[in-house]
Amino acid sequence: MTPDTQTATLSQRLSGSGLRPTPQREVVYQVILSKRDHPTAEEVFDRVKARMPGISLATVYNCLDALVQCGLIKQVNFVREPTRYCPNLHEHAHFHDEASGRIHDIEIPAEVMDRLRALLPTGFAATSVDLSFRGAAGDAPDPPDSPA
Ligand SMILES: [Zn+2]
């Protein structure tokens, strides 16, 4: 996906959700796409400030909410940790490295997700499935800078 396509997608998605594609929302989205390390809102704020010095933390929170609402990013929650944000919209699990605090995306094959959903009793329909692992990660590479 080229940056142009991403910007078009962002504008389309935001307007599709009844939200204006503001420069602030675009910068917040670009910051999350450019370093896929599951930043917290405070970390996003620090990175956005480098490009848009006048922006406030409250505005960053509002932008994050808007991007979550229109499905461009997902919230990732771990117990006793601030919410983090992930632009990977493919179904995936997270691996939380307890030593470094880093979060790794773990792709889940579709057939595994199908088997997990099949565990639900009749009449139960999951709209989302959250899977996370905690432990020690090996020498995994840094998250890619380019979109998957
Ligand atoms: Zn993720």
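The following questions and answers concern helix packing and the nonpolar core in a predicted model.

Reader: Is Ala66 of helix H4 buried or exposed?

Author: Ala66 lies in helix H4, which spans residues 57-69. A residue needs 20 or more other C-beta atoms within 10 Å to count as buried. Because Ala66 has 22 C-beta neighbours inside 10 Å, Ala66 is classed as buried.

Reader: Leaving aside neighbours within four places in sequence, which residues is Ala66 in contact with?

Author: Contact requires C-beta atoms within 7 Å. Once the neighbours within four places in sequence are set aside, the contacts of Ala66 are Leu14, Leu19 and Arg25.

Reader: How are helices H2 and H4 oriented to each other, roughly parallel or roughly perpendicular?

Author: The axes of H2 (residues 23-34) and H4 come within 9 Å and cross at roughly 75°. On the H2 side, the contact is made by Gln24, Arg25, Val28 and Tyr29, and the H4 side includes Ala66. Angles of 65 to 115 degrees fall in one class, and therefore the two helices are roughly perpendicular.

Reader: How many nonpolar residues does the contact of H2 with H4 have?

Author: Members of this contact from H4 include Val60, Cys63, Leu64 and Leu67. By class, the contact has two polar residues and one charged residue, while the number of nonpolar residues is seven.

Reader: Which helices each supply at least two residues of the largest nonpolar core?

Author: This core has 18 residues, and Val28, Val44, Val60 and Leu64 are among those that touch the most other members. Val44 itself touches Val28, Val60 and Leu64, among others. The helices that each supply at least two core residues are H1, H2, H3 and H4.

Notes: Residues numbered from 1 in each chain as written. Predicted model: local features only at pLDDT ≥ 70, side-chain atom pairs only at ≥ 80, totals over all residues. Helix = DSSP H or I, 4+ residues; strand = E, 2+ residues; numbered from the N terminus. Buried ≥ 20, exposed ≤ 12 C-beta atoms within 10 Å, placed from the backbone. Contact = placed C-beta atoms within 7 Å. Axes fitted to C-alpha atoms, helices over the stretch in contact; angles between N-to-C directions. Parallel < 35°, antiparallel > 145°, perpendicular 65-115°, else oblique. Nonpolar A, V, L, I, M, F, W, Y, C, P; charged D, E, K, R; others polar. Core = buried A, V, L, I, M, F, W, Y, C linked by C-beta atoms within 7 Å.
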